[in-house]
Amino acid sequence: MSGDWSADTWAVIAGRPAHQTGAPVSPPIELTSTYLSSGPLGATDIGVYGRSNNATWRALEDAIGVLEHGTALCFASGMAAGAALFDLIEPGGRLVMADSAYNTMLALARQLAAAGRISLSTVDIADTDAVLAALPGADWLILESPTNPLLQVADLVTLAEGAAASGVRIGVDNTFATPLLQNPLDLGASVVLHSATKYLSGHSDVVAGALVTRDEELLNRLQSYRTMQGSILGPMEAWLVLRGLRTLSVRLERQQATAGVLAERLNAHPAIDRVRYPGLVDDPGHDLARRQMRGFGAMLALEPVGGIDAAERLVHGVQLWVPATSLGGVESLLERRRRIASEPETVPDSLVRLSVGLEDVEDLWADLDQALAQV
Ligand SMILES: Cc1ncc(COP(=O)(O)O)c(C=O)c1O
């Protein structure tokens with residue numbers, strides 16, 4: 001019976017203590033740096049020290065693993081998870097990534113390539129033929145879908161087939177979609193990455209990351225990397241992510257519905273040049289997103305008429321939306337991405353990324369509309 005429960009239900013129930021009289025319903029925060037010893041250590045004894053084991057991590061990992069259909073490991077941040085993922089590439093291996101990938105992931109890959117640790121090819125991830133052409137001779141393809149901040153959609157099934165034919169592993173950053181809208185392991189990915197800082201925790205109050213895989217060898221390597229590098233999540237942070245995860249389904253449902261309404265209205269607004277949202281029927285990623293996702297998410301991007309100045313006036317003309325980086329929280333945020341020096345040049349100068357929160361849709365629209373009138 002439990003196999004039939006939906007992801008919405010699993011988000012609520014996974015990672016809870018076993019049903020026993022007197023057991024806590026919510027997993028406690030296990031604050032300890034060390035564990036009582038019971039003699040010589042076996043190869044599988046991980047529960048000896050707080051850098052290799054923690055019950056609150058395990059509760060969170062159970063929940064993320066169930067939702068992503070694999071085994072999860074939590075990390076100190078999405079970037080700590082990203083660094084662990086890059087570490088799976090053998091020295092001298094070749095990595096293919098999107099030329100508009102999340103800026104810090106791309107910067108780290110470029111740093112590893114500059115140091116001679118890996119070689120790096122970048123491609124337009126929405127150009128499936130170009131990605132397929134880059135795969136022979138590569139070791140890993142690491143991508144986001146939808147991408148941050150261009151909201152491009154990668155053809156995960158075709159790329160997974162091409163990657164399998166070329167012996168290339170795929171890592172998918174599923175931060176924007178969340179496991180409720182897309183499960184990349186089911187589509188052929190070897191590893192899924194989350195910045196749990198975003199939708200999984202959902203309240204802009206914690207920095208955390210996770211990797212999920214079904215491959216035991218990769219899992220062991222990632223776990224050993226995390227223990228040795230010490231890129232572990234604090235128990236308090238793990239608990240905060242788990243607490244946030246309980247409401248992911250209702251948050252996302254509302255945020256996504258609001259994003260759809262705002263995208264349609266912005267698309268028809270004379271002060272807007274272009275709206276990027278896979279839910280719009282004229283969006284280049286729409287058909288693919290319909291096929292491989294269970295919804296279009298709550299992130300969108302726009303380019304106002306009038307370039308950078310107009311974008312800056314919009315970002316600073318709002319009163320309810322918060323001009324700040326990050327995404328996936330209950331409060332609506334917006335940001336002109338190229339204000340960040342490391343943002344790839346493939347991102348238009350005037351592009352404003354919007355993370356739609358839980359405020360009333362008409363209030364969010366009224367605020368955007370009044371700010372656009374000043375643009
Ligand atoms: C798509 C994506 N992946 C990874 C990261 C890195 O996550 P963190 O900030 O938790 O280190 C981010 C952060 O914005 C992101 O947006």
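This passage walks through a sheet, a helix, a ligand site and some unusual backbone geometry in a predicted model.

A good place to start is the open sheet, which has five strands in the order 8-9-12-11-10 and mixed pairing. Its edges are formed by strand 8 (272-276) and strand 10 (322-323), each of which pairs on one side only. Further in, strand 11 (residues 333-336) runs antiparallel to strand 12 (residues 352-355), and four bridges connect the two. Within this pairing, Glu-335 has Arg-353 of strand 12 as its bridge partner. In general, the strands of a sheet are held in register with one another through backbone hydrogen bonds, parallel or antiparallel.

Helix 10 (residues 248-267) offers a simple geometric check: at 1.5 Å a residue, its 20 residues should span 28 Å, and the 27 Å between its end C-alpha atoms agrees with this. Many readers will want to know which of its residues are buried; among them are Leu-248, Arg-251, Leu-252, Gln-255, Ala-259, Leu-262 and Leu-266. The buried residues of helix 10 pack against both helices and strands, namely helix 1 (7-13), helix 7 (178-181), helix 9 (235-245), helix 13 (361-374), strand 8 and strand 9 (299-304).

Turning to the ligand, the residues around it include Ser-77, Gly-78, Met-79, Tyr-102, Asn-148, Asp-173, Ser-195 and Lys-198. Three of the contacts to ligand oxygen atoms can be described individually. Met-79 contributes a backbone N or O atom at 2.8 Å from a ligand oxygen, while Ser-195 places a polar side-chain atom 2.8 Å from an oxygen atom of the ligand. For Lys-198, a side-chain N or O atom is 2.9 Å from a ligand oxygen. On its own the ligand has 390 Å² of accessible area, and the protein covers 91% of it.

The loop between strand 4 (140-144) and helix 6 (156-165) deserves a closer look. Pro-146 is found there, and a cis peptide bond with omega of about -10° joins Ser-145 to Pro-146. Pro-149 lies in this loop too, and Asn-148, one of the residues around the ligand, is joined to Pro-149 by a cis peptide bond with omega of about 5°. Leu-151, also placed in the loop between strand 4 and helix 6, has a positive phi near 55°. Because its relative accessibility is 3%, Leu-151 counts as buried.

Elsewhere, His-69 sits in the loop between helix 2 (55-68) and strand 1 (71-75) and has a positive phi of about 60°. With a relative accessibility of 35%, His-69 counts as partly exposed. For context, most residues other than glycine have a negative phi, and most peptide bonds are trans.

Terms used: Residues are numbered from 1 along each chain as its sequence is written. This is a predicted model: local features need pLDDT of at least 70, side-chain atom pairs count only at pLDDT 80 or more; totals for chains, interfaces and linings use all residues. Side-chain values use heavy atoms; hydrogens and water are left out. Two strands pair if DSSP finds at least two bridges between them. The expected span of a helix is 1.5 Å times one less than its number of residues. Buried means under 20% relative accessible area, exposed over 50%, partly exposed in between (1.4 Å probe, protein chains only). Contact means heavy atoms within 4.5 Å. A residue is near a molecule or strand if one of its heavy atoms lies within 4 Å of it. A polar contact is a pair of N or O atoms within 3.5 Å; within protein, one must be able to donate a hydrogen and the other to accept it, and residues adjacent in sequence count only if both atoms are side-chain atoms. Accessible areas come from the Shrake-Rupley method with a 1.4 Å probe; for residues, only the protein chains shown count as cover.
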